[in-house]
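This report walks through the fold, its strand pairings and its core. The sequence and the structure come next.

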Amino acid sequence: MLKIPLKYSRVSSKFDKNRFHPVLHRHKAHLGVDFAAPTGTPIWAAADGTITFIGRNRAAGNMVVLDHGNGMVSVYMHLHRFRRGLDKGDEVRQRQVIGYVGSTGRSTGPHLHFGVKVNGVYVDPMKLEPRRADPVPARERSVYKKISSAFAQALTQLPPPPEKGILLPVKEPVKTAVEILNQKIQKSVRKESKKSKGKSSKRASKKR
Ligand SMILES: [Zn+2]
């Protein structure tokens with residue numbers, strides 16, 4: 001998830017659960033970050049996702065809402081206009097342009113109001129932590145384990161570092177860690193593909 005989904009000039013209003021509203025003149029939570037930027041500045045999708053709302057929404061003006069799965073939702077308000085051709089239900093990729101900065105709805109000047117919801121609750125986008133990656137899928141785990149154990153083994157086989165200040169002459173060029181690792185990986189992948197070929201030909205012959 002991008003913390004900043006556009007090229008902006010300054011943060012004009014931070015995430016604040018109890019700010020004094022400049023237009024409403026009362027305390028009202030500001031559940032997002034305002035990025036001041038010239039009208040027409042492209043706005044990017046903060047992450048891969050699906051458009052769940054695109055249209056006019058009262059004080060929010062022209063608004064886009066993206067669902068990123070895993071309980072993550074991002075919200076973009078006050079757009080000048082949307083990127084042509086986008087509709088509700090469309091999939092977007094991270095950094096794809098979804099619209100342009102404007103001042104529609106309740107707004108005092110061109111800016112993007114950017115909000116992020118996690119499991120239905122607005123959070124400060126600037127404080128988002130990098131998320132843990134998805135685990136290796138079950139069907140790829142055996143290959144993953146082979147490659148990672150080859151890597152661990154390769155690390156133990158590295159030549160020792162030269163004595164401080166003395167460079168010993170070497171008869172053979174010393175393999176770099178990357179070279180050793182690549183050989184190990186290629187070997188285990190070759191083995192793996194031989195195995196799976198064997199399996200599939202067996203299966204095929206059974207069918208016949
Ligand atoms: Zn705002």
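## Strand pairing and core

In strand β11, G115 is the bridge partner of V75. That pair belongs to a wider contact between strands: β8 (residues 72-82) and β11 run antiparallel and are joined by six bridges. The model is predicted.

**Overall fold.** The protein chain has two helices and twelve strands. The order from the N terminus is β-β-β-β-β-β-β-β-β-β-β-β-α-α. Of its 208 residues, 21% count as buried. Take the contacts between residues at least 6 apart in sequence: 63% of them join residues at least 24 apart.

**Confidence.** The average pLDDT of the protein chain is 85, and 83% of the residues score at least 70. Residues 204-208 stay under 50 in pLDDT. For this stretch the model has zero contacts beyond four places in sequence. Where pLDDT is low, the predicted coordinates should not be read in detail.

**Around β11.** Strand β11 covers residues 111-118 and is mostly covered, with six of its eight residues buried. Besides β8, strand β11 pairs with β4 (residues 33-36) in the antiparallel sense, over four bridges. Here V33 stands opposite F114. A further antiparallel partner of β11 is β12 (residues 121-123), with three bridges. V118 faces V121 across that pairing, as its opposite residue in β12. The two strands form a hairpin with two residues between them. N119 in this hairpin takes a positive phi near 50 degrees.

**Around β6.** Strand β6 (residues 49-56) pairs with β9 (residues 91-92) in the antiparallel sense over two bridges. G49 stands opposite V92 in β9. Strand β6 also runs antiparallel to β7, and six bridges join them. One bridge pair is G55 with M63 in β7. β6 and β7 form a hairpin with five residues between them. In its turn, R58 has a positive phi of about 40 degrees.

The antiparallel pairings described above are listed here.

| Strand pair | Bridges | Example of opposite residues |
|---|---|---|
| β4 and β11 | four bridges | V33 and F114 |
| β8 and β11 | six bridges | V75 and G115 |
| β11 and β12 | three bridges | V118 and V121 |
| β6 and β9 | two bridges | G49 and V92 |
| β6 and β7 | six bridges | G55 and M63 |

**The nonpolar core.** Which residues have the most contacts inside the largest nonpolar core? They are I43, M63, V64, Y76, L79 and L112, in a core of 27 residues. Strands β4, β7, β8, β10 (97-101) and β11 each supply at least two residues of this core. The largest share, five residues, comes from β8. In soluble globular proteins, nonpolar side chains tend to be buried together.

I43 shows how distant parts of the chain meet. Not counting residues up to four places away in sequence, I43 touches P5 and L6. On the same count I43 touches Y76, L79 and L112. The remaining contacts of I43 are V97, I98, G99, Y100 and V101.

**Two histidines.** Is H68 buried or partly exposed? H68 is partly exposed, because 19 other C-beta atoms lie within 10 Å, and a buried residue needs 20 or more. H68 sits in strand β7 (residues 62-69). Leaving out residues up to four places away in sequence, H68 touches M1, A47, D48, G49, V73 and S74. M1 is 67 residues away along the chain, yet the C-alpha atoms of H68 and M1 are separated by 8.9 Å.

H21 lies in the loop between β2 (16-20) and β3 (27-30). H21 is also partly exposed, with 13 other C-beta atoms within 10 Å. The cut-off for an exposed residue is 12 or fewer. With residues up to four places away in sequence left out, H21 touches R26 and K28.

**Helix α1.** This helix has 16 residues, 141-156. From its first C-alpha to its last, α1 reaches 23 Å. That is close to the 22 Å expected at 1.5 Å a residue. Why does α1 lie largely in the open? The number of buried residues in α1 is one of 16, so the helix is largely in the open.

Note on methods
Residues numbered from 1 in each chain as written. Predicted model: local features only at pLDDT ≥ 70, side-chain atom pairs only at ≥ 80, totals over all residues. Contact = placed C-beta atoms within 7 Å. Pairing = 2+ DSSP bridges. pLDDT = per-residue confidence, 0-100. Expected span 1.5 Å × (residues − 1). Core = buried A, V, L, I, M, F, W, Y, C linked by C-beta atoms within 7 Å.
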